[in-house]
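Hi,

Here is the structure I said I would pass on. Have a look at it first, and my notes on the charged pairs follow underneath.

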Amino acid sequence: MKRVFVRGNAVACSNYDAALRASGMEPVFSMDLALADCCDGLLLTGGYDVDPAYYGQANTASVNIDPIRDKEEIALVRRFMELERPIFGICRENRSILSLPSAKTSPLSNSLRIISANPRNLRKQ
């Protein structure tokens, strides 16, 4: 069974827990990022805005920015890209992934697909 790391806890993310289990995967919920290395994939849940500074923009309208979450999730994306393991980002997490220079300037591994609910922002590499 494939293990998928999710930063957070199963209670707060019960919908993700149910969806992963229904798909035959074992979710690993934790705030301990070291546990991510033992996982086959990464799921980044939705939420409030990523700090626009991460993608070179001034903050003109972003709200409820969580600098610790931004830093940790971007570190997770970098790690999973290095390991060439799949990453699935929901909503705000597309911005986390796209904030990395490597996501903008070079092809990503075959395991990473960036998908946005907004077709104008659809980007597949």
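A quick word on terms before the notes: a residue is called buried when its relative accessible area is under 20%, exposed when that area is over 50%, and partly exposed in between. Keep in mind too that this is a predicted model.

Asp-17 is a good place to begin. Its relative accessible area is 16%, and because the cut-off for buried is under 20%, Asp-17 counts as buried. Asp-17 sits in helix H1, and if you leave out residues up to four places away in sequence, Asp-17 touches Pro-27 and Phe-29.

So which residue does Asp-17 form a salt bridge with? The partner is Arg-21, and the closest N and O atoms of the pair are 2.9 Å apart. Helix H1 covers residues 14-22, and because Asp-17 and Arg-21 are 4 residues apart in it, about one helical turn separates them. The two ends of this bridge fall in separate classes: Arg-21 has a relative accessible area of 49% and is partly exposed, whereas Asp-17 is buried. Note that 49% falls just on the partly exposed side, since exposed requires over 50%.

Now for helix H2, which runs over residues 67-83. Arg-69 and Glu-73 form a salt bridge there, with 2.9 Å between the closest N and O atoms. Both residues lie in the helix, 4 residues apart, or about one turn. Buried or exposed, you may ask, for Arg-69 and Glu-73? Both are buried.

Further along in helix H2 you will find Arg-79 and Glu-82, and these two are 3 residues apart, so again about one helical turn lies between them. They form a salt bridge as well, the closest N and O atoms being 3.2 Å apart. On accessibility, Arg-79 comes out at 31%, which means partly exposed, while Glu-82 at 59% counts as exposed.

That last pair also belongs to something wider: Asp-37, Arg-79 and Glu-82 are linked in a network of salt bridges. If you are browsing the model, bring up those three residues together.

For the overall tally, the count comes to 6 salt bridges. Among them are the pairs Asp-17 with Arg-21, Arg-69 with Glu-73 and Arg-79 with Glu-82.

Over to you, and shout if anything is unclear.

Cheers

Conventions. Residues numbered from 1 in each chain as written. Predicted model: local features only at pLDDT ≥ 70, side-chain atom pairs only at ≥ 80, totals over all residues. Heavy atoms only, no water. Salt bridge = Lys/Arg side-chain N within 4 Å of Asp/Glu carboxyl O. Buried < 20%, exposed > 50% of the residue type's maximum accessible area, 1.4 Å probe, protein only. Contact = heavy atoms within 4.5 Å.
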